Amino acid sequence: MVFLSKAAGEQESEEPLHVASRLHAFNRFELKYLVPVDQAAEIRDELAERMDTDPHSPVGGYGVWSLYYDSPQLRFYWEKIEGLKFRRKLRIRHYGNLDGVTDDSMVCVEIKQRVNRVTQKRRIMLPYGVARQLCDDREMPEHSPKESAFIQEVLALVVEANLRPTAITGYQREALVGREADTGLRVTFDRRVRGRDRDFHFGTLTPENRFTIPPHLSVMEIKVNERTPTWITDLAARRNLNLVRISKYVQSIEAFGLAPRSVFHANEADCPPPTPSEELPLEQRPAQHDASLKVGAQ
């Protein structure tokens with residue numbers, strides 16, 4: 001297992017295309033919330049007073065697309081549902097739009113794993129065609145000695161668990177990063193969360209994507225290296241944000257009927273779209289509009 005060291009206080013970015021080394025790794029804690037899109041915009045603007053926009057996050061955000069691999073028995077899905085203290089997922093991830101994706105487009109082959117409460121990610125950048133040869137065809141790509149342990153771990157995982165493409169997820173992400181004392185802080189807002197259970201090539205011309213989380217909701221994630229700053233937990237409490245147990249991969253598996261719906265599933269009935277009055281600007285809403293700030297699956 002390979003973990004690369006990083007300088008103290010170094011800010012991790014989820015946009016790997018600007019990282020010098022092909023191999024990249026980091027650990028962190030994650031807190032997730034389901035937030036109506038309009039309120040997410042308000043929270044983002046409030047956070048911007050104390051955080052910076054991620055330099056790799058343009059206005060309106062950027063696309064994140066992931067091809068998840070699982071066994072025929074959905075081993076990784078059930079490990080998540082059962083809450084194993086150590087669990088892993090394998091995925092190929094592309095950042096940006098899917099228009100013009102070719103075998104030469106750079107992607108990440110990534111193992112995301114959970115060890116108790118800590119999320120760990122290890123990934124390597126490869127051309128898309130090479131990544132599919134590794135994960136689909138089980139062919140060892142050319143690599144440096146430094147990359148050997150991770151490549152071999154991916155290959156062993158694919159072979160031993162008989163992994164195969166299982167689901168694709170995609171969403172539009174806006175990201176902010178902490179400044180000064182909060183350099184280990186990262187907050188993301190993912191909206192238009194969708195996916196499919198077929199046509200597993202990123203370059204599919206007419207993919208049959210469907211929303212896997214109601215489109216009026218976004219997933220807000222607070223990600224920290226060590227501790228969550230007090231001011232951001234105060235913000236969450238003031239806005240009545242409720243922590244949710246949600247996984248975009250699990251959401252896709254259940255949305256397409258590949259497994260029964262679980263406690264992780266966000267049901268449309270539990271998260272109704274806003275009423276017409278709630279869609280008005282804040283200053284035009286009725287006095288009781290504060291009640292609409294309460295979000296999250298019950």
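This is a guided tour of a predicted model, with selections to make in the viewer at each stop.

**The whole chain**

Begin with the protein chain in a cartoon view, where six helices and 10 strands can be picked out. Of its 298 residues, buried residues make up 52%. If you consider the contacts between residues at least 6 apart in sequence, 71% of them join residues at least 24 apart.

**Helix H1 and its buried side**

Select residues 37-47, which form helix H1, and show the side chains of Gln39, Ala40, Ile43, Glu46 and Leu47, since these are the residues to look at here: each of them is buried. Where do they sit around the helix axis? They cover an arc of only 120 degrees, which puts them on the same side of H1. As background, an α-helix has 3.6 residues a turn, so residues three or four places apart point the same way.

**H1 against H5**

Keep H1 on display and add helix H5, residues 230-238; the two axes come within 12 Å and cross at roughly 150 degrees. That angle makes H1 roughly antiparallel to H5, because angles over 145 degrees are counted in that way. The crossing of these two helices is right-handed. To see the contact itself, show Ile43, Glu46 and Leu47 from H1 together with Trp231, Ile232, Leu235 and Arg238 from H5, as these are the residues that meet. Sorted by class, the contact of H1 with H5 holds five nonpolar and two charged residues, and no polar ones. Ile43, Glu46 and Leu47 therefore appear twice on this tour, being buried residues of H1 as well as its contact residues towards H5, and the arc described above places them on one side of the helix.

**H2 against H6**

Move next to helix H2, residues 75-82, and helix H6, residues 248-255, whose axes are 10 Å apart and which pack at an angle of about 110 degrees. H2 and H6 are therefore roughly perpendicular to each other, and H2 passes H6 in a left-handed crossing. Which residues of H2 and H6 meet? On the H2 side, select Tyr77, Lys80 and Ile81, and on the H6 side Tyr249, Val250, Ile253 and Glu254. This contact of H2 with H6 divides into five nonpolar, no polar and two charged residues.

**Arginine 91 in strand E4**

Now centre the view on arginine 91, which is found in strand E4, residues 86-95. Is this arginine buried or exposed? Arginine 91 has a relative accessible area of 2%, so it is buried, the cut-off for that class being under 20%. Tyrosine 68 is 23 residues away along the chain, yet the C-alpha atoms of the two residues are separated by 4.4 Å. Leaving aside residues up to four places away in sequence, arginine 91 touches Ser66, Leu67, Tyr68, Tyr69, Cys108, Val109, Glu110, Lys112 and Lys121.

**Two loop residues with positive phi**

Most residues other than glycine have a negative phi, and the last two selections depart from that. Asparagine 116 has a positive phi, near 55 degrees, and lies in the loop between strand E5 (106-115) and strand E6 (118-127). With 49% relative accessibility, asparagine 116 counts as partly exposed.

Finish at glutamate 180, in the loop between strand E7 (164-178) and strand E8 (185-196). Its phi is also positive, near 55 degrees, while its relative accessible area of 70% makes glutamate 180 exposed.

Key
Residues are numbered from 1 along each chain as its sequence is written. This is a predicted model: local features need pLDDT of at least 70, side-chain atom pairs count only at pLDDT 80 or more; totals for chains, interfaces and linings use all residues. Side-chain values use heavy atoms; hydrogens and water are left out. Buried means under 20% relative accessible area, exposed over 50%, partly exposed in between (1.4 Å probe, protein chains only). Helices (H or I, at least four residues) and strands (E, at least two) are DSSP runs, numbered from the N terminus. The arc is that of the directions from the helix axis to the C-beta atoms. Axes are lines fitted to C-alpha atoms, for helices over the stretch in contact, and angles run from 0 to 180 degrees between N-to-C directions. Angles under 35 degrees count as roughly parallel, over 145 as roughly antiparallel, 65 to 115 as roughly perpendicular and the rest as oblique. A crossing is left-handed if the near helix is turned anticlockwise from the far one by less than a right angle, and right-handed if clockwise. Contact means heavy atoms within 4.5 Å. Ala, Val, Leu, Ile, Met, Phe, Trp, Tyr, Cys and Pro count as nonpolar, Asp, Glu, Lys and Arg as charged, and the others, Gly among them, as polar.
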